[in-house]
Amino acid sequence: MTETPTGAAGRTHTLPTIPRGRTGVFALPTGLVAMAEAGPIHRLRYAGGHVGWIVTDYELCRRVLTMPEFSSRPDLRHSAIHEAIGDGQPPEDRPGMFVGMDPPEHTHYRRIVAAALRLGEMRKLQASITDRANALWDACRGDTIDLVSGIASPLPALVITQLLGVEETTSHTLTRCLERMLSLESSADEVRGMFGTIFDELGRVVLRREGDHAPGFITNMIDDGQLSHAEMTSVAFQLYTAGHETTTNMIALSWLHLLANPATAEAIRGDDTAIGHAMEEFLRFFSIIQYGISRAAVAEVSLGGVVIQPGETITVSLPAANFDATRFPDPHVLDVARKDRGHLAFGFGVHQCVAQQLARVELTVALRVFLERYDEFALDSYAMKDDTIVHGLTRLTVRPKRSP
Ligand code: HEM
């Protein structure tokens, strides 16, 4: 364990910052692997100078995410990677921002949203998502095709905007705003600006549904009568901002892996059960929320042999937990037949991804449609994202094997 006494302010500069810098698209930062091997919990220097913790052990990560002593409130947490804003958290306080709440306030909103996103409802979207995916594939033309800009990015954007009832033209504007909002290169002012633009647009969508009652997710929530206009806008905002980048990158990385490993593609093609297992292993192995998720201690807590003080931020390293060898044998081997759903890619505890069933439906469709066309393309090139909150690809190009 990298232990330094709390309050040793003069020595904080010697403490590690969050390990970054991957040597390859499917390799964790070597610093993170070394940290996890050295012990389950470590001191960590945050971007703004705060001294907190990082936990790398699977069981300890799950404990942090289930203990009421750790809060999700963004005003209490520090960011390990960005001085000005939290880990992609909205920088303003608006009613209904349940992602940054703790129980029991969080529980109220979570119940309403979870009910609207339950598996049965999400499965009903399968056919329309498949149609959209096929239409995007059919629209791809050229000697080389970028599967990220052509399909992996627009597909989740279309799905979430369709779910929320956003017009397609507005969807393109929102996508560009979201990219800038999530970019680590944007200033805090830019992030706030993009946040405002997306929020206002979704507010107009909610207003339209209040007027026309067009069937769909928002109207269901209006009819449910439990949320105000402002709260519904916040719910729409959180689903929109959390539901695009994540799914896009999972799709792109899964496709890259299959393009590079034809035997795996062959082994799972046409077999929905095998595709399901592969998808879970992809979620574990890619661990795209690469800098983990954070919580703030609101009480003194003894954990893994250290004492965490109130006010200290703790980062739960989802990648490190997902590669914990005591939980996942041979963790650095991507084994599509692993048949293990215990990964923490969607987090754990009360904030565990509320839309994971939708994400799974989207990923399954994306894999299925891709595998159906697998013989038509060959890998051309790809480019890894450079140090972003959500790991993934900026480009994945393929060459059609026959001219269209
Ligand atoms: C493969 C894709 C996805 C991954 C890997 C992912 C990952 C996560 C993780 C790790 C959390 C927990 C955050 C925390 O505990 O602080 C989370 C929460 C959340 N996710 Fe996802 N997510 C994905 C897809 C989606 C989609 C498609 C949506 C929306 C349509 C979405 C909406 C949310 C929301 C609203 C929360 C907050 C839940 C709460 O605080 O109760 N996610 N997600």
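Analyst: One definition before we start: a crossing counts as right-handed if the near helix is turned clockwise from the far one by less than a right angle, and as left-handed if anticlockwise. Also keep in mind that this is a predicted model.

User: OK, is the crossing where helix 9 passes helix 11 left-handed or right-handed?

Analyst: Helix 9 covers residues 188-212 and helix 11 covers residues 229-242, and their axes come within 9 Å. By the turn of one helix against the other, the crossing of helix 9 with helix 11 is right-handed.

User: Which angle word fits helix 9 against helix 11?

Analyst: Their axes cross at roughly 125°. Roughly perpendicular stops at 115 and roughly antiparallel needs over 145. That leaves helix 9, relative to helix 11, as oblique.

User: How many nonpolar residues are in the contact of helix 9 with helix 11?

Analyst: On the helix 9 side, the residues include Ile198, Phe199 and Leu202, and the helix 11 side includes Met232, Ala236 and Phe237. Sorted by class, this contact has 4 polar residues, 1 charged residue and, for nonpolar, 9.

User: What about helix 10: which of its residues meet helix 9?

Analyst: Helix 10 spans residues 217-224, and its axis comes within 9 Å of helix 9's, crossing at roughly 65°. This crossing is right-handed too. Helix 9 brings Val205, Val206, Arg209 and Glu210 to the contact, and helix 10 answers with Ile218, Thr219 and Ile222.

User: How many charged residues does that contact have?

Analyst: Going by class, the contact of helix 9 with helix 10 has 4 nonpolar and 1 polar. The charged count there is 2.

User: Switching to strand 4, is Asp146 buried or exposed?

Analyst: Asp146 sits in strand 4, residues 145-146. The cut-off for buried is 20 or more other C-beta atoms within 10 Å. Asp146 has 22 such neighbours, so it counts as buried.

User: Which residues does Asp146 touch, leaving out those up to four places away in sequence?

Analyst: Look far along the chain: Thr394 is 248 residues away from Asp146 in sequence, yet their C-alpha atoms are 9.4 Å apart. The residues Asp146 touches are Arg395, Leu396 and Thr397.

User: Zooming out, what radius of gyration does the chain have?

Analyst: The C-alpha trace spans about 65 × 55 × 35 Å along its principal axes. For 404 residues, a compact globule would come out near 22 Å, and the chain agrees with that, at 21 Å.

User: And what share of the chain's residues is buried?

Analyst: The chain has 16 helices and 10 strands. Of its 404 residues, the buried ones make up 44%.

Note on methods. Residues are numbered from 1 along each chain as its sequence is written. This is a predicted model: local features need pLDDT of at least 70, side-chain atom pairs count only at pLDDT 80 or more; totals for chains, interfaces and linings use all residues. Helices (H or I, at least four residues) and strands (E, at least two) are DSSP runs, numbered from the N terminus. The radius of gyration is taken over C-alpha atoms; the globule rule is 2.2 Å times the number of residues to the power 0.38. A residue is buried if 20 or more other C-beta atoms lie within 10 Å of its own, exposed if 12 or fewer, and partly exposed in between; C-beta atoms are placed from the backbone. Axes are lines fitted to C-alpha atoms, for helices over the stretch in contact, and angles run from 0 to 180 degrees between N-to-C directions. Angles under 35 degrees count as roughly parallel, over 145 as roughly antiparallel, 65 to 115 as roughly perpendicular and the rest as oblique. Two residues are in contact if their C-beta atoms, placed from the backbone, lie within 7 Å. Ala, Val, Leu, Ile, Met, Phe, Trp, Tyr, Cys and Pro count as nonpolar, Asp, Glu, Lys and Arg as charged, and the others, Gly among them, as polar.
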